[in-house]
Amino acid sequence: MPPVLQVRDLQVTYYTDSGRARALDGVSLDLNPGEKLGLVGESGSGKSTMALAMMRMIKPPGRIEGGKVVVGGTDLTALSEEAMRKARLSKIAYIPQGAMNSLNPVIRIGAQMMDAIRAHNPEEPRAEAEERCMRALESVDLKRSVFKMYAHELSGGMKQRVCIAIGILLRPQVIIADEPTSALDVVTQRQVMETIDRIQHELGCAIILIGHDMGLMAQFVDKVAVMYAGRLVEVSRVRDMFTDPKHPYAQALIRSLPSLENKGVFQGIPGLAPSLLRLPSGCAYHPRCQHAMEICSRAVPPLETINGSRQVACHLYVEKDLYAEKA
Amino acid sequence: MKPVFLIKRFLFLILVIWSAATITFFIPRLSPRNPIRERFVELARMGGFSPADLEQIVASYSQRFGLDKPLYQQYFDYMSAVFRFDFGVSLNKFPKTTVELIMEALPWTIGLLLATTIIAFVLGNLLGAVAAWPKAPNWLRATATPFVLLMGVPPVIMGVLLLFFIGFRLKLLPLGGAYSIGTVPTFTLEFVLDAARHQILPALALILGSVGGWVLSMRGMGVTIQGEDYVTFAEHKGLGPFTIFRDYYLRNALLPQATGLVLALGAVVTNGIVVESIFGLPGVGRVLDQAIRSNDFIVIYGIVLFITIAVATLMVAVELLYPLLDPRIKLD
Ligand SMILES: Nc1ncnc2c1ncn2[C@@H]1O[C@H](COP(=O)(O)OP(=O)(O)O)[C@@H](O)[C@H]1O
Ligand SMILES: [Mg+2]
């Protein structure tokens, strides 16, 4: 089956007063129908930027400098502004980071669902569209009565659910949920994740879950992509990622997870996240990397497939493969 | 809405009326001048009657207005009259009462102020919202600029300038009055059109200077609202730009502007009165103007009192409408 989402060499730059920040530097990614991908990385590594670039919603001072995003055979980057507007929500939906403030405070939840439907299917009869909204609310475990309520009458978890309900209204092939649980308490976090999981099963859509809580994410996704300073450094199946991470940064992330062995003693990753304005030469992670070699400060390692099923961008493995071939 | 809230607002209105009445009671009595005597001295000078009768007439009038009673008695009478909506009898237009004079003039004032305030508010807020909307065409965004430049010009100056250039120099519109001399107010199309022509310059004098204020505050508000997550999410939903502009951006940016409208009411009335007297419109402004010229203190303070009560009542009324604009506001 062809991938439902293909991202090719996506590049985004923010032109700030203090210089150009390469927030996304040649990111490529494939997602199969029904696949669940977790996108993790430190705050500021470019996760939201990647999602927004896929939606073609990068705002000044940011600019998409190049690359392609193909959803279900449609090249979004080639669409007109109006066609792209129609593609949002119907082909690819983005459930924003900070769902707390993502609902209009002065109009009812129902109106905010109906306007989404009407923007895409103006002909759909009112009763039918309303029924569709009701079913979407029910499928995220909200009561039908929420349709008539205002945002301020809902709890944080309920607002997040409303945003998810809006995201699935038009049954898009790809849904991106940007840190859907970061503002919620632990119990609600789990419930929301379970809801997303169930919805994904029902719709059969592909989903990208952005977050920095690897532990929570591990239970819900098939694949994990690790982002560092605007690049993907490793994409692996979730089991591989947790049992045998390849990229030194991914290894550090996994090590820093709380477990029974380290008894909650937080192990941070040594060193500071780099400024995008002054990225280290070569591999951006090399100043913090325990395995850094001479080549790491000279050349940017490309994202290569190793062992057939996983992708890693690290000179450690390129070199090894070369040695293996020579031997 | 809870009844407690209504009772509180009602008590607030009573307090406003009581304070305003107390002030309008004492201020004229602090003055050493005796307006009744002054009025009749003037009449006597014009030869209406012999100065010998003067003292007698003044005394009888003072008695009529209760000015011979002890102060506390006068205060009590005055206060109970005010709460019966009786603001006294005009000295100059006797036997007309202040309320009669106001009521005759009020339709003109309400018509002018209501229309100009609504036009300025709607125009200013639309232009301001558009000026802050990055997707609007540049020519449209620039439309607001002239109004911002005119913002500092007070309605008096604006009125005089309009009168001079458009009324006097270009003779495009009438110089003053509410309708052409010689016509009788009737409900014919001809008369209505004639009256409307007379309202254009006064209306412009009130509108031109006040649009800019709304433009500026709306533009500031608009910039803030655009950055809100719900506007961004509306774009993610694939809504058309017009829906986003109206339901997500404008609706929210307008909320603080409604409060601004309440605060502006006082200035609206003051400016309206000034413009009415410049253009000789038969509104409350002219009644006040004539009362001041003839030192008719009963009417002067009656109008001051009336305006205070009217503005306070309007403010409470607009406040009662807030929950319709913003569902987060509960009146309690
Ligand atoms: N509007 C913006 N203007 C300038 N720089 C930005 C803007 N948005 C994001 N960035 C930069 O892009 C980088 C990636 O940001 P973001 O995609 O939000 O990261 P994440 O979602 O992983 O936390 C950050 O380092 C940030 O400094
Ligand atoms: Mg983010």
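**Exercise 1. The contact between chain B and chain A**

Determine how many residues each chain gives to the contact, and which three residues of chain B supply more of its buried area than any other three.

*Solution.* In this predicted model, the contact takes 26 residues from chain A and 21 residues from chain B. The area buried between the two chains is about 2,000 Å², and carbon and sulfur atoms give 61% of that area. On the side of chain B, Phe233(B), His236(B) and Lys237(B) supply 34% of the area buried against chain A, more than any other three residues.

**Exercise 2. Polar and charged pairs across the interface**

State how many salt bridges link chain B and chain A, and identify the partner of Lys237(B) in its salt bridge.

*Solution.* The first step is the count: 2 salt bridges lie between chain B and chain A. In one of them, Lys237(B) pairs with Asp115(A), with 3.1 Å between the closest N and O atoms. The second step adds the polar contacts, for which 9 residue pairs are found across the interface. The third step assigns secondary structure: helix H10 (229-236) and helix H11 (241-279) are the elements of chain B that give two or more residues to the side touching chain A. By class, that side of chain B consists of 8 nonpolar, 5 polar and 8 charged residues.

**Exercise 3. The surroundings of His120(A)**

Decide whether His120(A) is buried or exposed, and find which backbone oxygen of chain B its side chain reaches.

*Solution.* His120(A) belongs to helix H3 of chain A. Its relative accessibility is 10%, and the cut-off for a buried residue is under 20%, so His120(A) counts as buried. The side chain of His120(A) reaches the backbone oxygen of Lys237(B) at 2.8 Å. A polar atom of the same side chain lies 3.2 Å from the backbone oxygen of Arg88(A). Leaving aside neighbours within four places in sequence, the residues in contact with His120(A) include Leu89(A), Leu170(A), Lys237(B) and Gly238(B). Lys237(B) thus appears both here and in the salt bridge with Asp115(A).

**Exercise 4. The magnesium ion**

Name the protein donors of the magnesium ion (ligand 2) and explain what parts of chain A the pair ties together.

*Solution.* The protein donors are Ser48(A), through OG, and Gln97(A), through OE1, at 2.0 to 2.4 Å from the ion. Ser48(A) lies in helix H1 (residues 47-54), whereas Gln97(A) lies in the loop between strand S6 (92-95) and helix H3 (109-120), so the pair ties together parts of chain A that are 49 residues apart in sequence. Gln97(A) counts as partly exposed, at 35% relative accessibility.

**Exercise 5. Backbone geometry**

Locate the cis peptide bond between Pro60(A) and Pro61(A), and give the phi values of Asp141(A) and Asn295(B).

*Solution.* Most residues other than glycine have a negative phi, and most peptide bonds are trans. Pro60(A) and Pro61(A) are joined by a cis peptide bond with omega about 10°. Pro61(A) is placed in the loop between H1 and strand S4 (62-71) of chain A. Asp141(A) has a positive phi, near 65°, and sits in the loop between helix H4 (126-139) and helix H5 (156-168) of chain A. Asn295(B) likewise has a positive phi, about 55°, and is found in the loop between helix H12 (284-293) and helix H13 (297-325) of chain B. Asp141(A) is partly exposed at 46% relative accessibility, as is Asn295(B) at 24%.

**Exercise 6. Salt bridges within helices**

How many residues apart are Arg293(B) and Asp289(B), and what network includes Arg135(A)?

*Solution.* Over all chains, 33 salt bridges are found. One of them joins the side chains of Arg293(B) and Asp289(B), at 3.2 Å from N to O. Both residues lie in helix H12 of chain B, 4 residues apart, about one turn of the helix. Arg293(B) is exposed, with a relative accessible area of 67%. Elsewhere, salt bridges with shared partners connect Glu131(A), Arg135(A), Glu138(A) and Arg144(A) in one network. Within it, Arg135(A) and Glu131(A) meet at 3.9 Å from N to O, and both belong to helix H4 of chain A.

Methods:
Residues are numbered from 1 along each chain as its sequence is written. Chains are lettered from A and ligands numbered from 1 in the order in which they are written. This is a predicted model: local features need pLDDT of at least 70, side-chain atom pairs count only at pLDDT 80 or more; totals for chains, interfaces and linings use all residues. Side-chain values use heavy atoms; hydrogens and water are left out. Contact means heavy atoms within 4.5 Å. Buried area is the accessible area (1.4 Å probe) that two parts lose on being put together, summed over both. A salt bridge is a side-chain nitrogen of Lys or Arg within 4 Å of a carboxyl oxygen of Asp or Glu. A polar contact is a pair of N or O atoms within 3.5 Å; within protein, one must be able to donate a hydrogen and the other to accept it, and residues adjacent in sequence count only if both atoms are side-chain atoms. Ala, Val, Leu, Ile, Met, Phe, Trp, Tyr, Cys and Pro count as nonpolar, Asp, Glu, Lys and Arg as charged, and the others, Gly among them, as polar. Donors are N, O and S atoms within 2.8 Å of the metal (3.2 Å for Na, K and Ca); water is not among the atoms, so sites may look incomplete. Buried means under 20% relative accessible area, exposed over 50%, partly exposed in between (1.4 Å probe, protein chains only).
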